[in-house]
Amino acid sequence: MLLLGQQTQRTCQTLDRRAFVQVGASSVLGLSLANLLRAKESGLNPGSAKAVILVWLWGGPSQLDTFDPKPNAPLEFRGPFATIPTRIPGVRFCELFPKLAGVSDKMTVLRTLTTQSNDHGIAGTIGLTGSPAGGTGLDGKPLPGSPRPAVGSVVAKAFANRSREANIASPFLVVGGKLHQGKKPIVGEGGGPLGPAYDPFRLEYDPATGTKVPALQLPPELTPERLADRQKLVESLSITERKLESSLAVATLDDYRSRAVSMLTSKKMQGMFDLSKESPKSANAYGRTRFGQSCLLARRLVESGVPFVQVNWSDHVEAEEDAGDGGWDHHYRNFQIMQDRHAMWLDQTLSALITDLAERGLLESTLVLAVGEFGRDPKVNDKAGREHWPGCYSALAAGGGVAGGRVLGTSDAKAGKPADTPMTPGDLAATVHHAVGLTSEQIAGMGLASTGRVIEEMFAK
Amino acid sequence: MPSRLLSPLFIVLLASSSRAAEPSASFTNDVSAVLSRAGCNMGACHGNLNGKGGLKLSLRGEDPAYDYLALTRGALARRIDPSSPDASLVLQKAVGRVPHEGGVRFPVESVEYRALRSWIANGGAFDSPPKLAKLVVTPTRQVLATPNDSFQLKAVAHFADGSTRDVTSLAAIETTTIGVVKILPSREVQKEQDGETTVLVRYLGHQVPVRVAFVPDGPAPDVSVLKSKSKIDELVAKQLQELRIPPSALADDAMFLRRASLDATGTLPAADVVRKFLADPSPDKREKLIDSLLARPEFAEYWAMKWSDLLRNEEKSLDRKGVQVYHRWIKTWLAEDRPLNEFAREILAARGSTYENPPTNFYRAVRDPQARAEAVAQVFLGVRVNCAKCHNHPFDRWTQDDYHRFAAFFPQVQYRVLSNTRKDDLDKHEFVGEQIVFTSRKGETTLPRTGETAVPKTLGDDRSPAGDDDRLIMLAEWVASPDNPFFAKAQANRIWFHLFGRGLVEPNDDFKVTNPASNPELMDHLAAEFKAGGFRLKPLVKTILMSRTYQLSSSSNAGNAGDASHFSHAIIQPLEAEQLLDAMSRVFDSNVQFNGYPSGIRAGAVPAMSQAGTGGRRGGASMGERFLRVFGKPERLLTCDCERSEEAGLLQAFQMINGEQVNAMLRKSDNRIGKLLDRGATDPEMLDELYLAALSRYPNENEKSKLFEYVKSKESRRAAWEDVAWGIVNAKEFLLRR
């Protein structure tokens with residue numbers, strides 16, 4: 001095979017989509033560059049995780065009222081909740097998380113994450129992409145640089161071929177609506193410089209109506225039968241269609257078209273999204289909440305071969321302003337909301353997810369990561385709430401080669417700052433890529449710079 | 001311990017150097033070079049902003065004095081040990097005797113080890129030898145046919161004092177493509193497979209690209225299809241012969257008509273135009289068609305859209321009236337075919353009201369000195385200087401000082417908003433209302449390296465405005481001058497890029513030492529032609545469209561299917577968002593609505609997308625606007641053609657299959673199908689109309705029989721024809737430009 005002019009472009013800050021297209025050209029056509037790369041990299045770090053479930057706790061949960069309680073801090077910091085022991089010696093959780101404490105032997109607790117902004121918009125972009133570039137805060141001013149792709153989009157790009165072979169919808173699915181701050185969508189939930197092809201495919205779950213796949217809604221006149229008729233028509237034409245040149249454009253067009261059609265017409269394909277196929281026992285174990293069933297859906301998707309699923313706890317933050325559920329953005333009544341809803345739901349669902357994956361033998365190959373965009377102010381405010389806090393927050397990781405029963409990082413006496421081992425969302429993004437076996441060379445091959453340090457201490461040795 | 005006099009490196013140096021014998025390897029000329037050669041100072045390793053493992057070196061060795069301190073004084077001076085050179089940490093790490101995250105960088109028996117050791121053993125001193133003036137690499141262009149599978153590279157350094165030295169073994173040599181060639185320790189370039197690539201030879205901050213091609217042996221291909229009076233064809237044919245790539249055949253009339261219409265005007269030819277063109281027997285009908293395309297209003301609208309993308313003509317910063325006057329100004333300029341260098345001059349020198357003097361909108365859309373410098377360089381000069389903001393450009397000649405001195409043209413450009421009635425109170429970057437751009441007497445930027453005030457300086461030829469000169473006028477004159485070293489090439493390459501889907505330099509706005517044109521002679525010719533034509537758009541577009549190269553088929557042959565950059569066949573591309581929506585609108589004869597614009601306006605003619613659907617009190621986006629976003633219409637936040645995405649995706653497939661826009665057009669009662677049925681058109685008439693409008697050709701017999709059979713099998717004739725029309729707009733032939 002003659003490789004002419006397929007030079008990879010090197011850029012510094014500015015990412016260049018066209019350069020990606022050129023790199024992608026060979027992989028889509030399955031031509032020699034991709035094969036060569038594969039051959040060159042075979043034997044390199046296959047990565048134990050085949051799938052990732054990112055549980056996105058939008059709004060920013062309090063580190064003190066979840067996994068980094070400070071029982072010895074003054075009352076106005078520690079809050080009203082007591083602490084309970086976990087299966088990790090010497091590590092205690094907030095008392096609202098007994099079930100997660102019970103599976104803590106399967107997880108690594110990260111307690112010293114820090115981010116650069118206390119604005120949901122910017123911290124959201126950092127959390128989703130590992131970089132502040134392009135993030136837009138309340139003032140509407142985008143930070144310099146073009147936005148990086150979401151962590152999931154990078155995985156999607158790397159696994160595009162694998163997903164094609166597995167005949168699944170899209171390598172990157174998001175369960176839940178688009179993330180917003182006020183009415184502004186958060187930058188960085190999509191492919192960014194990798195192009196809209198790596199934007200996530202979105203599903204929504206509503207307890208009242210079940211799974212909704214916005215893209216699969218057919219207009220009223222277009223019955224599935226009529227669509228099938230039309231498709232047959234196009235296929236019969238394409239046999240006689242003048243021989244079209246093989247090229248990247250043709251190959252990708254064909255590929256996405258046939259996938260879209262099979263999603264619209266194939267019952268098997270749609271079965272992936274159908275929670276009625278789950279036993280009531282499973283459904284109950286996860287909890288019959290939107291979040292619970294969304295996580296159940298995530299497990300179903302991973303089981304059918306989707307490499308990256310993100311579950312959004314909610315679409316909106318700032319409940320008082322948005323009339324949304326406000327996610328974890330508890331400026332008001334933090335302790336009441338935690339106790340009545342959020343802690344209970346998260347405890348039940350996340351522990352059920354980890355247990356379920358383990359029982360099905362999927363935990364070894366599935367990285368589950370639960371984290372928000374920042375933490376909350378250690379000092380309780382006068383509305384029994386906690387304000388935004390980028391200085392220190394926690395995350396839970398399990399499966400996909402992550403060590404069980406481990407805690408990383410120690411925060412200071414009030415969980416306001418890391419006392420050691422500060423970690424960033426950029427590190428976390430790099431770590432997720434590492435977990436699925438992506439090397440820094442492969443990331444560089446997409447024209448992307450590394451977002452941070454791989455947290456190698458998370459992985460069992 | 002071996003004597004340093006026996007050091008093989010030293011012997012090589014003695015043999016190849018015309019200078020006096022050296023007592024030891026030089027830090028600046030040897031050690032710094034081998035640190036680059038071994039990759040120690042690259043961005044991913046110790047050249048990183050934060051260094052790695054406690055050792056930070058300057059990126060790619062741009063600052064030897066810094067590196068000297070890091071190696072000799074850092075880490076409590078443990079890194080080098082002149083009394084026991086082999087025990088030096090830097091050597092122990094590099095050869096893997098001590099764990100090293102970066103792995104083994106070189107063995108003990110290597111040029112790198114010997115150079116470092118020699119320098120350490122001699123006391124590890126800093127030196128200031130004569131500066132490198134020039135790096136001469138031979139060859140700089142090599143095409144080899146099988147069975148030849150390697151050649152030797154040679155690099156000679158010329159120093160400021162007139163001395164020369166063979167630095168072949170010290171230079172870093174890198175490939176830019178994986179899998180085509182590899183570099184042997186002997187500095188030979190060895191073929192891995194047939195193909196073309198660029199090899200970079202780098203020594204002390206100088207880099208020289210070497211174009212390399214290994215081609216299968218065989219007779220020179222037949223390039224007679226490119227025989228014409230056009231210099232473009234001559235130069236393309238010459239290169240294809242050299243690289244043994246056979247060109248494709250000439251495109252047939254239908255393919256040419258559709259392609260040229262899309263590329264020149266962004267629209268499909270009307271059914272009548274197709275009928276006339278296909279039936280016209282005259283030999284010069286392609287030229288007549290090109291002339292008619294260039295005269296159409298859609299030509300100026302289409303190219304104004306491209307310029308609006310680049311100049312960030314968007315409503316949030318410029319408001320609705322602003323984008324409209326700016327767009328009208330650009331469109332009129334292009335319709336009148338006034339010189340593009342004058343266009344640049346008007347924009348760069350503009351001051352005054354954004355409503356009264358439209359080009360002032362440039363400084364409103366791009367608002368800080370650095371962003372303006374980057375935009376001017378990228379848009380008008382085809383140079384990306386962004387990397388040099390923080391450090392010397394690693395792949396080009398720009399230093400950080402160059403960057404900040406170029407940015408120093410702009411800090412005095414100020415704006416005043418006469419009244420701001422923004423719709424989103426929280427969004428401080430939204431402006432609604434007339435604005436005045438002016439230059440103040442105050443405002444300077446500083447050089448981050450020294451903290452001194454940055455004196456403005458042009459890129460490359462280092463000209464500064466005299467004390468009292470207006471900086472913007474001086475800059476504008478410099479950019480617009482026929483002697484500007486960048487402008488003609490950058491613009492000619494961009495025009496070529498828009499017509500072929502790929503620049504001769506690619507990305508089209510990234511001219512740099514390490515990114516040479518795929519056909520340098522052709523690049524020079526196009527620039528000269530553009531300049532000779534008075535920097536006008538239309539003559540160059542015509543010259544290109546008239547070339548046989550442009551008119552080649554997109555069907556590849558066995559010998560050229562892998563060619564992506566030498567124009568041996570046309571490149572197949574998806575229609576752009578606006579092209580696609582306008583094409584559908586034409587096929588269905590059904591208008592699309594855009595917020596704030598009258599019904600019937602084409603997507604390609606809308607000055608800028610409304611802000612609807614982006615939050616605040618801005619209302620919802622229309623169906624057409626949503627469609628354009630899904631298909632990658634840029635938001636105009638970057639001054640780069642690369643912001644437009646053409647990669648296909650699942651959501652785009654859904655838009656075409658069951659999307660709201662397609663469905664609405666299909667169902668509209670008085671669309672083309674409705675009108676044809678109403679006037680009692682027969683099935684063959686219906687099919688001809690749809691095919692001519694959508695695919696610029698007549699249906700063939702096979703298609704006719706299949707489709708007529710389908711229509712007859714259905715109860716509702718209307719529904720059957722809806723299905724057929726759906727099938728046509730979902731055909732690859734419709735969705736692609738070929």
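This report walks through some local features of a predicted model, from packed helices to unusual backbone angles.

## Two helices that meet

Let us begin in chain B, where helix α8 (residues 253-265) packs against helix α11 (residues 297-310). The angle between the two is about 60 degrees, and their axes are 7 Å apart. That angle makes α8(B) oblique to α11(B).

Which residues of α8(B) and α11(B) make the contact? On the α8(B) side they are Leu262(B), Asp263(B), Ala264(B) and Thr265(B). On the α11(B) side they are Glu298(B), Phe299(B), Tyr302(B) and Trp303(B). Sorted by character, the residues of this contact comprise five nonpolar, one polar and two charged.

## Rings and charges

Aromatic rings come next. A ring pair is described by how far apart the centres lie and by the angle of the planes. Over all chains, the count comes to 39 aromatic pairs. One of them joins Tyr68(B) and Phe126(B), with 5.0 Å from centre to centre and 55 degrees between the planes, so the pair is classed as tilted.

Where do Tyr68(B) and Phe126(B) lie? Tyr68(B) belongs to helix α3 (residues 64-72) of chain B, while Phe126(B) is in the loop between α6 (111-121) and β1 (132-138) of chain B, so the pair ties together parts that are 58 residues apart in sequence. Tyr68(B) has 13% relative accessibility and counts as buried, whereas Phe126(B), at 35%, counts as partly exposed.

Rings can also have a charged group above them, and here are two examples. Trp303(B), a residue of the helix contact described above, has the charged end of Lys306(B) over its ring, 5.3 Å from the ring centre. Arg364(B) lies over the face of Tyr415(B), and here the distance to the ring centre is 3.8 Å.

## Buried spots in both chains

Is Ala603(B) buried or exposed? Its relative accessible area is 3%, so Ala603(B) is buried. This alanine sits in the loop between α21 (577-588) and α22 (623-630) of chain B. Beyond its neighbours within four places in sequence, Ala603(B) is in contact with Glu578(B), Leu581(B), Asp582(B), Phe594(B) and Leu628(B). Ala295(B) is 308 residues away along the chain, and 20 Å separate the C-alpha atoms of Ala295(B) and Ala603(B).

Chain A offers a buried alanine too: Ala101(A), at 5% relative accessibility. Ala101(A) is part of helix α4 (residues 98-102) of chain A. From Ala101(A) to Pro85(A) the distance is 7.1 Å, C-alpha to C-alpha, with their positions 16 residues apart in sequence. Pro85(A) is also among the contacts of Ala101(A), together with Ile84(A), Thr86(A), Arg87(A) and Phe93(A), once neighbours within four places in sequence are left aside.

How many of the nine residues of helix α23 (residues 650-658) of chain B are buried? The number is eight, and the helix is mostly covered. The buried residues include Leu650(B), Phe654(B), Met656(B) and Ile657(B), and also Gln652(B) and Asn658(B).

## A partly exposed strand residue

Arg416(B) is in strand β12 (residues 413-417) of chain B. With a relative accessible area of 48%, Arg416(B) is partly exposed. Setting aside residues up to four places away in sequence, Arg416(B) touches Glu434(B), Gln435(B), Ile436(B) and Phe438(B). Phe395(B) is 21 residues from Arg416(B) along the chain, and their C-alpha atoms are separated by 39 Å.

## Unusual backbone angles

Most residues other than glycine have a negative phi, and most peptide bonds are trans. Some places in chain B break with this pattern. The bond from Thr138(B) to Pro139(B) is cis, with omega near -10 degrees, and Pro139(B) is in the loop between β1 and β2 (141-145). The bond from Thr146(B) to Pro147(B) is cis as well, with omega near 10 degrees. Pro147(B) lies in the loop between β2 and β3 (150-152) of chain B.

Two residues that are not glycine have a positive phi: Ala75(B), at about 45 degrees, and Asp319(B), at about 60 degrees. Ala75(B) lies in helix α4 (residues 74-77) of chain B and is partly exposed, with a relative accessible area of 31%. Asp319(B) is placed in helix α12 (residues 315-335) of chain B, and at 5% relative accessibility Asp319(B) counts as buried.

Note on methods
Residues are numbered from 1 along each chain as its sequence is written. Chains are lettered from A and ligands numbered from 1 in the order in which they are written. This is a predicted model: local features need pLDDT of at least 70, side-chain atom pairs count only at pLDDT 80 or more; totals for chains, interfaces and linings use all residues. Side-chain values use heavy atoms; hydrogens and water are left out. Axes are lines fitted to C-alpha atoms, for helices over the stretch in contact, and angles run from 0 to 180 degrees between N-to-C directions. Helices (H or I, at least four residues) and strands (E, at least two) are DSSP runs, numbered from the N terminus. Angles under 35 degrees count as roughly parallel, over 145 as roughly antiparallel, 65 to 115 as roughly perpendicular and the rest as oblique. Contact means heavy atoms within 4.5 Å. Ala, Val, Leu, Ile, Met, Phe, Trp, Tyr, Cys and Pro count as nonpolar, Asp, Glu, Lys and Arg as charged, and the others, Gly among them, as polar. Rings of Phe, Tyr and Trp (its six-membered ring) pair if their centres lie within 6.5 Å; planes under 30 degrees apart count as stacked, over 60 as edge-to-face and the rest as tilted. Buried means under 20% relative accessible area, exposed over 50%, partly exposed in between (1.4 Å probe, protein chains only). A charge sits over a ring if NZ of Lys or CZ of Arg is within 6 Å of the ring centre and within 35 degrees of the ring normal.
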